[in-house]
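Reader: I'd like to go through this one with you before I set anything up. Could we start with the surface and then work inwards?

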Amino acid sequence: MIAVVGHPDLTAPTLKMVEEELCWRLAEFARAGKAGLVRAGQGLPVAFGRAARAAGLALVTVLPTKNGVPDVLESSDRRAAGELLLLSEQVRLMEYDPADRGACVGADEDLMRSCARVLAVWDGSPSDGRDATAHLVAFARSSGVDVEVLWPDGASRRG
């Protein structure tokens, strides 16, 4: 299994560049019969899902649950989750609160434990109150998960 983590504030042109780069990187995993794993949300998860589909990689999308029942995502993530569900071959339910940053980081940590590789779309900046990318990269590495950092030339984040 391969997962993706990255900055939540990538610009639209950066997301397009990342999607194109992910497509050719994911093709080797598709040929090996692997699957991609993504937690539902807008931005990078959708770019990963589209790239997985284009590369022929099976996609597993993770949705939040509360007491075993699918939980409501924030309005900005609902359309993205719908697209990911259409791109997915499998849906995995996971108990976490999508409105709680700490719960989302914990869910990402749990997901990475089941992966052989993590693709990190990361500019090398430290984590802050909104963005846990550096933390997730460090967590994956300390857990023995192979991490590949992607930051295409010309990539940027929203101000």
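Author: In this predicted model, the protein chain has an accessible surface of about 7700 Å², and carbon and sulfur atoms account for 50% of that area.

Reader: And the charges, how many positive and negative side chains are there?

Author: There are 18 positive and 22 negative side chains in the protein chain, and the centres of these two sets lie 3 Å apart.

Reader: OK, overall dimensions next: what does the C-alpha trace span along its principal axes?

Author: The C-alpha trace of the protein chain spans about 40 × 35 × 30 Å along those axes. The radius of gyration is 14 Å, which agrees with a compact globule, because a globule of 159 residues would be expected to have a value near 15 Å.

Reader: What share of the residues is buried?

Author: Of the 159 residues in the protein chain, 51% are buried. If one takes the contacts between residues at least 6 apart in sequence, 77% of them join residues that are at least 24 apart.

Reader: Switching to secondary structure, how many helices and strands, and in what order?

Author: The protein chain holds five helices and seven strands, and read from the N terminus they follow the order β-α-β-α-β-β-α-β-α-β-α-β.

Reader: Which residues have the most contacts inside the largest nonpolar core?

Author: Those are Leu22, Leu26, Leu44 and Phe48, in a core that has 29 residues. At least two residues of this core come from each of β1 (2-6), α1 (12-31), α2 (44-55), β3 (58-66), α3 (75-87) and β6 (117-121), and α2 gives the most, with seven residues.

Reader: What does Leu26 touch, leaving out residues up to four places away in sequence?

Author: With those neighbours left out, Leu26 touches Ile2, Phe48, Ala51, Ala52, Ala55, Leu57 and Leu119. There is also a second, separate core of 14 residues, and Val5, Val105, Ala120 and Val147 are among its members.

Reader: Different spot now: where does Lys34 lie, and is it buried or exposed?

Author: Lys34 lies in the loop between α1 and β2 (35-39). Its relative accessible area is 42%, so Lys34 counts as partly exposed, a class that falls between the limits of under 20% for buried and over 50% for exposed.

Reader: Which residues does Lys34 touch, again not counting those up to four places away in sequence?

Author: Lys34 touches Met1, Phe29, Leu57 and Ala58 on that count. Lys34 and Ala116 are 82 residues apart in sequence, while their C-alpha atoms are 9.8 Å apart in space.

How values were computed
Residues are numbered from 1 along each chain as its sequence is written. This is a predicted model: local features need pLDDT of at least 70, side-chain atom pairs count only at pLDDT 80 or more; totals for chains, interfaces and linings use all residues. Side-chain values use heavy atoms; hydrogens and water are left out. Helices (H or I, at least four residues) and strands (E, at least two) are DSSP runs, numbered from the N terminus. The radius of gyration is taken over C-alpha atoms; the globule rule is 2.2 Å times the number of residues to the power 0.38. Buried means under 20% relative accessible area, exposed over 50%, partly exposed in between (1.4 Å probe, protein chains only). Contact means heavy atoms within 4.5 Å. Accessible areas come from the Shrake-Rupley method with a 1.4 Å probe; for residues, only the protein chains shown count as cover. Lys and Arg count as positive and Asp and Glu as negative; His and the chain ends are not counted. The place of a charge is taken as NZ of Lys, CZ of Arg, CG of Asp or CD of Glu. A nonpolar core is a set of buried Ala, Val, Leu, Ile, Met, Phe, Trp, Tyr and Cys residues joined through side-chain atoms within 4.5 Å.
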